[in-house]
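User: I would like a close look at one part of this model, the second largest pocket, set in its surroundings.
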Amino acid sequence: MQETTSTRFLDGYGQIIAEASTTGRRLTRGELESRRALGAQAAEAGHGWRALVRSHLAASRVARPSSTDLDSVLSAVEQAIDAFAEGYEHAQRLVVRREEAARREFIDDLLHGRGDAGHLSARSERFGLRLSRSHAVAVAEGPATYDETDPVPREVEAGLFARFERRRILFTTKDGRMVCIAPADQDDVLVHFAKRAHAATDGGKVAIGRPRPGAGGIGHSYEEALNALDVARRMGFEEPLLRAADLLVFPVLARDRQALVDLVESTLGPLERARGGSNPLIHTLIAYFGTGCVATEAARRLSLSVRALTYRLERIHTLTNLNPNDPMHRYTLHTAVIGARLLDWPTKRT
């Protein structure tokens with residue numbers, strides 16, 4: 001037993017045990033309060049419960065009067081340690097809440113690029129990251145929203161750390177999604193996270209941002225992952241794992257929004273003159289381009305005959321003056337179709 005422990009957290013303990021066990025009385029309110037206060041101090045100082053109990057039991061043997069029966073001693077010890085434990089547990093819950101609040105604040109600052117980079121780096125070691133390295137961020141999105149108390153993220157987190165216990169990684173939830181941050185050279189961590197999250201969410205999607213250096217890089221990687229999930233929703237991608245690096249064409253297209261709107265409306269606007277509106281013809285182009293311009297496969301996806309599909313392609317040519325089978329025209333049409341899906345056009349008009 002360390003001297004600091006015996007003097008700080010056993011103050012008055014021997015006297016209380018000796019007096020209470022000799023007379024057989026219960027501990028007074030003041031004595032119980034003193035034990036609770038010392039228990040709270042021990043928790044706030046970070047002392048482990050096992051060592052504290054051991055030191056109390058050792059002090060009990062020393063304080064026990066030789067003429068006192070064992071039951072009286074045990075009764076006094078039980079009351080004293082129970083009060084000490086009550087104070088310890090209450091303070092520990094407060095410590096945990098403060099620690100969680102600090103962790104949440106750090107994660108928010110990190111993901112949104114707030115705060116001084118040097119200060120973030122100093123705080124990062126406490127939460128298992130070294131911001132001198134490059135990191136990548138993976139974001140998992142399921143059919144429901146989650147926080148860290150829900151069974152799904154707890155299951156994913158347990159499986160992740162069971163396999164990568166000694167890795168410097170960070171798991172959290174943010175805005176209803178699960179987030180994993182790992183060093184850039186540990187892509188296996190993010191892939192494993194993606195597999196577990198996909199399984200635990202019954203088919204949810206996971207996006208991985210590009211590796212970026214420094215504290216600000218984590219925020220950029222996080223935003224890329226969120227944008228990749230948004231693109232997947234708009235484009236109807238079915239892949240469970242998306243990488244921002246593979247989808248760079250989409251933010252490039254969306255960067256000049258007005259130019260994209262002009263392209264979509266000038267290219268596909270004439271399709272609205274068709275009977276039934278533009279949507280059937282746009283879906284025809286989506287299927288046609290999605291199959292590499294193989295008419296039979298596109299017709300199968302649309303539950304059409306090849307003849308009906310061919311008629312629709314001819315109708316598109318007539319209305320837009322762009323031939324889907326001409327390489328140059330095809331590029332313009334395909335880009336416009338991608339833009340329409342990104343803009344949710346014509347449902348949402350700018």
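Which elements each supply at least two residues of the lining of the second largest pocket?

Analyst: The elements are α12 (279–290) and α15, helices being DSSP runs of H or I with at least four residues, numbered from the N terminus. This is a predicted model, in which local features need pLDDT of at least 70 and side-chain atom pairs count only at pLDDT 80 or more, while totals for chains, interfaces and linings use all residues. Residues are numbered from 1 along each chain as its sequence is written, and side-chain values use heavy atoms, with hydrogens and water left out.

The second largest pocket (an open set of points on a 1 Å grid over the protein atoms alone where a 1.4 Å probe fits, with protein on both sides within 12 Å along at least five of seven lines) has a volume of about 310 Å³, taken as the space filled by probe spheres set on the points. Its lining comprises 14 residues, and those closest to the centre are Met235, Phe237, Ile286, Gly290 and Arg341. By class, this lining holds seven nonpolar, three polar and four charged residues; lining residues have an atom within 4 Å of a point, and Ala, Val, Leu, Ile, Met, Phe, Trp, Tyr, Cys and Pro count as nonpolar, Asp, Glu, Lys and Arg as charged, and the others, Gly among them, as polar.

The largest pocket, for its part, has a volume of about 420 Å³ and is lined by 20 residues, with Asn227, Val231, Phe250, Pro251 and Ala254 lying nearest its centre. Two or more residues of that lining come from each of α9 (214–235), α10 (249–255), α11 (257–268) and α15 (327–343), and α9 gives the most, with seven residues. The lining of the largest pocket divides into 12 nonpolar residues, one polar and seven charged.

Of these helices, α11 can be followed further: its 12 residues should span 16 Å at 1.5 Å a residue, and its end C-alpha atoms are indeed 16 Å apart, the expected span being 1.5 Å times one less than the number of residues. The buried residues of α11 (buried means under 20% relative accessible area with a 1.4 Å probe, protein chains only) are Leu260, Val261, Val264, Thr267 and Leu268. Because these residues cover an arc of only 150 degrees around the axis, they sit on the same side of α11, the arc being that of the directions from the helix axis to the C-beta atoms.

Methods: Buried means under 20% relative accessible area, exposed over 50%, partly exposed in between (1.4 Å probe, protein chains only).
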